[in-house]
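I opened this chain to see how it is put together. These are my notes, in the order I looked things up.

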Amino acid sequence: MALKRMDNVGIVVDDLPATIEFFRELGLELEGRATIEGDWAERVTGLRHMRVEIAMMRTPDGHSRLEISRFLTPPAVADHLNAPVNALGYLRIMFAEEDIDDTLARLRLHGAELVGELAQYADKYRLCYVRGPEGILIGLAEQIG
């Protein structure tokens, strides 16, 4: 059987409420929040005594979801907060935007900072990378022309 679809992308954070608000500002909708724990969750993750708060967010088109997790136990490990764009592992999530300037202005109110600069690729796209809460790296792309 072939792959049906991608269900979600997951990100682990320390500040769940701030991260939810950041992605709400991008236009994602909160589907729900839950605390995940128990034998089944420990078996799936391989983590003993696991307890995690999650928020599931959906893109406006309803086709993609983002799972944001905050581990209560065991504590989160590894610091990728300042990893460069060429770091191994999770890189970024790219969002298609209608008005990249407006989106940047709104995200800056939530502490977002440009990684490099807003650049134009030929006569096709305006693109940039932004660091959000806890150093989460996202890409923004506006199709032009």
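The entries below go from the whole chain to single residues.

**Entry 1. Overview.**
I note at the outset that this is a predicted model. I counted the elements and found three helices and nine strands. Reading along the sequence, I get β-α-β-α-β-β-β-α-β-β-β-β. The chain has 145 residues, and 30% of them count as buried. I looked up the accessible surface, which is about 9300 Å². Carbon and sulfur atoms account for 52% of that surface. I also checked contacts between residues at least 6 apart in sequence: 55% of them join residues at least 24 apart.

**Entry 2. The four-stranded sheet.**
I traced an open sheet of four strands and wrote down the order E1-E4-E3-E2, with mixed pairing. Which strands stand at the edges? They are E1 (9-12) and E2 (29-37). Each has a single partner strand, so one side of each lacks a neighbour in the sheet. From one strand to the next, the twist averages 20 degrees.

I went through the pairings next. E2 pairs with E3 (residues 51-58) in the antiparallel sense, over eight bridges. Two positions I marked in that pair: Glu37 has Arg51 of E3 as its bridge partner, and Ala34 stands opposite Ile54 in E3. E3 and E4 are also antiparallel, over eight bridges. There I marked Ala55, whose bridge partner in E4 is Ile68.

The hairpin of E3 and E4 has six residues between the strands. I looked at its backbone and found Gly62 with a positive phi near 80 degrees.

**Entry 3. H1 on the sheet.**
What does H1 touch in the sheet? I find E1, E2, E3 and E4 (65-73). The direction of H1 makes about 10 degrees with that of E3.

I picked Thr19 in H1 for a closer look. Its relative accessibility is 0%, so I log Thr19 as buried. Leaving aside neighbours within four places in sequence, Thr19 contacts Val13, Ile68, Pro133, Glu134 and Ile136. Ile68 is the residue I had already marked as the E4 partner of Ala55.

**Entry 4. H3 and its buried side.**
I listed the buried residues of H3: Ile100, Thr103, Leu104 and Leu107. They lie on the same side of H3, because they cover an arc of only 100 degrees around the axis. What do these residues pack against? I find helix H1 (16-26) and strands E5, E6 (113-114), E8 (125-131) and E9 (137-143).

**Entry 5. Asp99 at the start of H3.**
I placed Asp99 in the loop between E5 (93-97) and H3 (100-108). Is Asp99 buried, exposed or partly exposed? Its relative accessible area is 39%, so I put Asp99 down as partly exposed.

Asp99 caps the N-terminal end of H3, with a side-chain oxygen 3.3 Å from the backbone nitrogen of Asp101. The side chain of Asp99 also reaches the backbone nitrogen of Asp102, at 3.1 Å. I took one C-alpha distance here: Asp99 and Glu142 are 6.6 Å apart in space and 43 residues apart in sequence.

**Entry 6. Phe95 in E5.**
Phe95 is in strand E5. I read 12% relative accessibility, so Phe95 counts as buried. Setting aside residues up to four places away in sequence, Phe95 touches Phe23, Leu26, Leu28, Ile138, Gly139, Leu140 and Ala141. For Phe95 and Gly139 I noted a C-alpha separation of 6.1 Å, with their places 44 residues apart in sequence.

**Entry 7. Leu140 in E9.**
I closed with Leu140, which sits in strand E9. Relative accessibility is 0%, so Leu140 is logged as buried. Its contacts, without neighbours up to four places away in sequence, include Leu26, Met94, Phe95 and Glu97. They also include Ile100, Thr103, Leu104 and Leu107, which I had listed as the buried residues of H3. Arg126, Leu127, Cys128 and Val130 are further contacts of Leu140. The C-alpha atoms of Leu140 and Leu127 are separated by 5.6 Å, with the two residues 13 apart along the chain.

Technical notes
Residues are numbered from 1 along each chain as its sequence is written. This is a predicted model: local features need pLDDT of at least 70, side-chain atom pairs count only at pLDDT 80 or more; totals for chains, interfaces and linings use all residues. Side-chain values use heavy atoms; hydrogens and water are left out. Buried means under 20% relative accessible area, exposed over 50%, partly exposed in between (1.4 Å probe, protein chains only). A polar contact is a pair of N or O atoms within 3.5 Å; within protein, one must be able to donate a hydrogen and the other to accept it, and residues adjacent in sequence count only if both atoms are side-chain atoms. Contact means heavy atoms within 4.5 Å. Accessible areas come from the Shrake-Rupley method with a 1.4 Å probe; for residues, only the protein chains shown count as cover. The arc is that of the directions from the helix axis to the C-beta atoms. Two strands pair if DSSP finds at least two bridges between them. Axes are lines fitted to C-alpha atoms, for helices over the stretch in contact, and angles run from 0 to 180 degrees between N-to-C directions.
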